[in-house]
Amino acid sequence: MIRSKAGVPRSRRPRTNSRPGRRVLALGLPTVWGAVAVGYKFGCPLAEQTGLGARIVTSAVFFAVGTGLILHVRRALLRELRQARMVAGAAQSVLLRPLPPRLAGLHVAAAQLSADRGASIGGDLYEAVATEHGVRVVMGDVRGHGLSAIGTVAAVLGSFREAAHDEPELGRVLGRLDRALARHLRERARAEHPSSGQDPDSPVAEEFVTLLLLEIAGDGELRAINCGHPWPYLLSGARVEPLSLADPLPPLGPFPLPTDLTATDCGQLLDGESLVLYTDGAEDARSPKGHFFSLPEALREAVRDHPVSPQTILRTIFTALLDHTAGRPTDDIALLVLRNERAHQHACLGARGTARPAPTHPQPTTHG
């Protein structure tokens, strides 16, 4: 048994619980204020007088009572708000876990901005995991934003974190995510309409998730499956261009997946190049005058002083977004940056005699 410095067993030490005290205080203060007002009204002779001085004193007493009640209610609401934000922060850390700064030779940085003021959870989702099949990344956008999207985000991310390791093909990973989303929507519809006792034909009308699955092999080969999501931007030196121009599949939810789920070959991520994955809230952001935000232009500005770290790219883009929207974005925004530093890592290992340095003149590769 663990004992404290005073020799008292910790398991037997009485635990103090402040909640009953808080409840008594929450109920007692309004009661005291009310008793003061009633006592003054019926027990103080001054309250029965009609002179100007008596009226001023009576008004001051009731003003003080009202102010006390308002301050008490405000303090209670602020306490509840702090607790709600703590819960939201805990849920955020579970759903969108902080990504490691390095993942299988890739430098990684990600961040999310919720459209709900003061909220830390939105409808955007992202994850990156190192598997035996390569580094696999998911970026998605649930229809809507805020707390209503938490369940859908949890269902999709939970399925991805398992399927990314289990399934050898990206198409099968997407199939697992699609089934997990359909199951979640059926359960949600059943909970919202329990009287029927049957699974609804259309679980949740117009509910969908745009999704991008990306796989980066050990040699930098890129494969992707896009379901209605914006294509990432490839940063090569000071050049910024879309990773692919292929037509995406429909979003998950409203339509069944096609039978052929072959991943699209997107070329190779060379040493020093970066990928910027994002949700459409970045390009749909508008200024107070109605002008759209130009993400490619902001990325060119960010990589003007090459090379730059993924954290620098994130900081530059989010600063530009907040300036463009005057600090009031209307949609959730998520960014994830991956930078290939494997050749540099191999060179460092080669200097220690554990690996050969990478070639200094890699062969050019097109990114289609």
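The questions below concern the cavities and the aromatic pair of a predicted model.

In this predicted model, local features need pLDDT of at least 70 and side-chain atom pairs count only at pLDDT 80 or more, while totals for chains, interfaces and linings use all residues. Residues are numbered from 1 along each chain as its sequence is written, and side-chain values use heavy atoms, with hydrogens and water left out.

Q: Which residue of the lining of the largest cavity is charged?
A: A cavity is a set of points on a 1 Å grid over the protein atoms alone where a 1.4 Å probe fits but cannot get out, and lining residues have an atom within 4 Å of a point. The lining consists of Leu235, Gly237, Gly272, Ser274, Val303, His306, Val308, Ile313 and Arg339. Asp, Glu, Lys and Arg count as charged, Ala, Val, Leu, Ile, Met, Phe, Trp, Tyr, Cys and Pro as nonpolar, and the others, Gly among them, as polar. The division is four nonpolar, four polar and one charged, the charged one being Arg339.

Q: How do the planes of Tyr233 and Tyr278 lie: stacked or edge-to-face?
A: Rings of Phe, Tyr and Trp (its six-membered ring) pair if their centres lie within 6.5 Å; planes under 30 degrees apart count as stacked, over 60 as edge-to-face and the rest as tilted. The centres of Tyr233 and Tyr278 are 5.5 Å apart. Their planes are 15 degrees apart, so the pair is stacked.

Q: Is Tyr278 buried or exposed?
A: Buried means under 20% relative accessible area, exposed over 50%, partly exposed in between (1.4 Å probe, protein chains only). Tyr278 has 3% relative accessibility, so Tyr278 is buried.

Note on methods: On a 1 Å grid over the protein atoms alone, a cavity is a set of points where a 1.4 Å probe fits but cannot get out, and a pocket is an open set with protein on both sides within 12 Å along at least five of seven lines; lining residues have an atom within 4 Å of a point.
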